[in-house]
Amino acid sequence: MTHKGFEHEIGRAVVVGGGSGMGLAIADALLAAGAEVTIVGRSPERLADAVRELGDGKLNAIAADVADEEQVRRIFDTVGVVDHVVTTAGDTTGTYGPIKDFDFPNGRGFVETKLIGSMLLAKHADITPGGSLTFTSGIAAYRPSPGGAMVAAVNAALEGLARALAVELGPTRVNVVSPGWVRTGIWDRMTWDDKDERLQAMAERLPVGHLGLPEDIAQAVLSLLRNQFVTGTVLHVDGGHRLV
């Protein structure tokens with residue numbers, strides 16, 4: 001006998017950070033699953049590129065900064081009731097540096113977009129009963145690097161936030177996807193002379209023997225959106241990084 005929960009249609013979804021990287025891959029996977037998708041990001045140009053890449057079938061785009069409450073309110077005034085909200089947004093400007101020398105005014109944007117922005121989405125999103133809210137944390141919460149205190153702290157805080165909101169907002173389901181090292185455009189911007197060698201060394205550290213792809217994260221997100229019996233959970237998509 002097939003349980004009706006496994007036939008759950010995704011319906012209408014908002015993907016914050018959907019203009020590039022993992023967010024773009026998530027939006028693409030949602031569209032392929034038949035969902036109506038709204039992508040949100042700060043850059044109108046990047047959103048326009050994403051719309052051209054993904055096609056304009058069931059896809060809409062809204063330029064907004066989720067660190068600003070009025071702009072978050074405007075997103076959901078525009079889209080109305082949705083079934084799922086996913087966010088990958090995070091301003092990484094100035095996020096790395098030794099704590100003794102850390103430039104907090106420059107690095108505070110990561111807290112505002114990734115943590116406070118997630119809370120604002122939870123506050124203003126009108127999600128159907130049984131729908132979901134999915135955050136994106138990361139391996140830094142478990143394997144922090146020197147100079148990475150800000151990233152580690154925010155990622156860990158998101159996981160605690162999800163557990164609290166799962167209790168408070170039920171039957172809306174609140175979960176977290178925690179990626180490991182994923183080949184997104186951020187690596188292309190690195191100026192290392194030995195970038196290829198470094199990335200290969202990173203891949204060889206992982207039990208799976210390779211870095212992740214944005215599509216890996218997208219499929220993990222879809223599994224959380226479809227499974228109506230999962231909430232307050234962190235889904236690790238890290239190639240076994242936590243184990244080594």
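Strands β5 and β6 run side by side in the parallel sense, joined over five bridges. In this pairing, T136 stands opposite V177 in β6. Keep in mind as you look around that this is a predicted model. From this pair of strands we can work outwards to the whole sheet, then to the helices and the charged side chains.

**The sheet**

- Strands of a sheet pair through backbone hydrogen bonds, and the pairing may be parallel or antiparallel.
- Here seven strands make an open sheet with parallel pairing, and their order is β3-β2-β1-β4-β5-β6-β7.
- Which strands stand at the edges? They are β3 (59-63) and β7 (234-237); each has a single partner strand, so one side of each is left without a neighbour in the sheet.
- On average, neighbouring strands of this sheet are turned by 20 degrees against each other, direction ignored.

**A closer look at β6**

- Strand β6 (residues 173-179) is also joined to β7 by four bridges, and these two strands run parallel.
- V177 appears here too, standing opposite L235 in β7.
- Is β6 buried or exposed? Seven of the seven residues of β6 are buried, so this strand is largely enclosed by the rest of the structure.
- Both faces of β6 are covered: one side carries the buried residues R173, N175, V177 and P179, while V174, V176 and S178 are buried on the other.
- Before β6 comes a loop that links it to α5 (149-169), and P171 is found in that loop.
- Most peptide bonds are trans. The bond that joins G170 and P171, however, is cis, with omega at about 15 degrees.

**Helices on the sheet and on each other**

- Helix α2 packs on the sheet, where it touches β2 (36-41) and β3. The direction of α2 makes about 175 degrees with that of β3.
- Helix α4 (residues 104-124) lies across β1 (12-16), β4 (82-87) and β5 (127-136). It runs at about 175 degrees to β5.
- Two packed helices are described by the angle between their axes and the distance between those axes.
- For helix α1 (residues 21-32) and helix α2 (residues 44-54), the angle is about 35 degrees and the axes are 11 Å apart.
- The crossing of α1 and α2 is right-handed.
- Which residues meet where α1 and α2 touch? From α1 come L24, A27, D28 and L31, and from α2 come A50, E53 and L54.
- Sorted by character, the residues of this contact of α1 with α2 are five nonpolar, two charged and no polar.

**Salt bridges**

- Side chains of opposite charge can pair when their charged atoms come close.
- How many salt bridges does the model have? The count comes to seven.
- One of them links R52 and D49, whose closest N and O atoms are 2.3 Å apart. Both residues lie in helix α2, three residues apart, which is about one turn of the helix.
- R52 is exposed, with a relative accessible area of 61%, whereas D49 counts as partly exposed at 43%.
- E69 and K123 also meet in a salt bridge, at 2.6 Å from N to O. Since E69 lies in helix α3 (residues 69-79) and K123 in helix α4, the pair ties together parts that are 54 residues apart in sequence.
- E69 is partly exposed, at 27% relative accessibility, while K123 is exposed, with a relative accessible area of 56%.
- Within helix α3, the side chains of R73 and E70 form a salt bridge of 2.5 Å, N to O. These two residues are three residues apart, about one turn of the helix.
- R73 is partly exposed, with a relative accessible area of 31%.
- Salt bridges that share partners join E69, E70, R73 and K123 into one network.

How values were computed:
Residues numbered from 1 in each chain as written. Predicted model: local features only at pLDDT ≥ 70, side-chain atom pairs only at ≥ 80, totals over all residues. Heavy atoms only, no water. Axes fitted to C-alpha atoms, helices over the stretch in contact; angles between N-to-C directions. Left-handed = near helix turned anticlockwise from the far one by under 90°. Contact = heavy atoms within 4.5 Å. Nonpolar A, V, L, I, M, F, W, Y, C, P; charged D, E, K, R; others polar. Pairing = 2+ DSSP bridges. Salt bridge = Lys/Arg side-chain N within 4 Å of Asp/Glu carboxyl O. Buried < 20%, exposed > 50% of the residue type's maximum accessible area, 1.4 Å probe, protein only.
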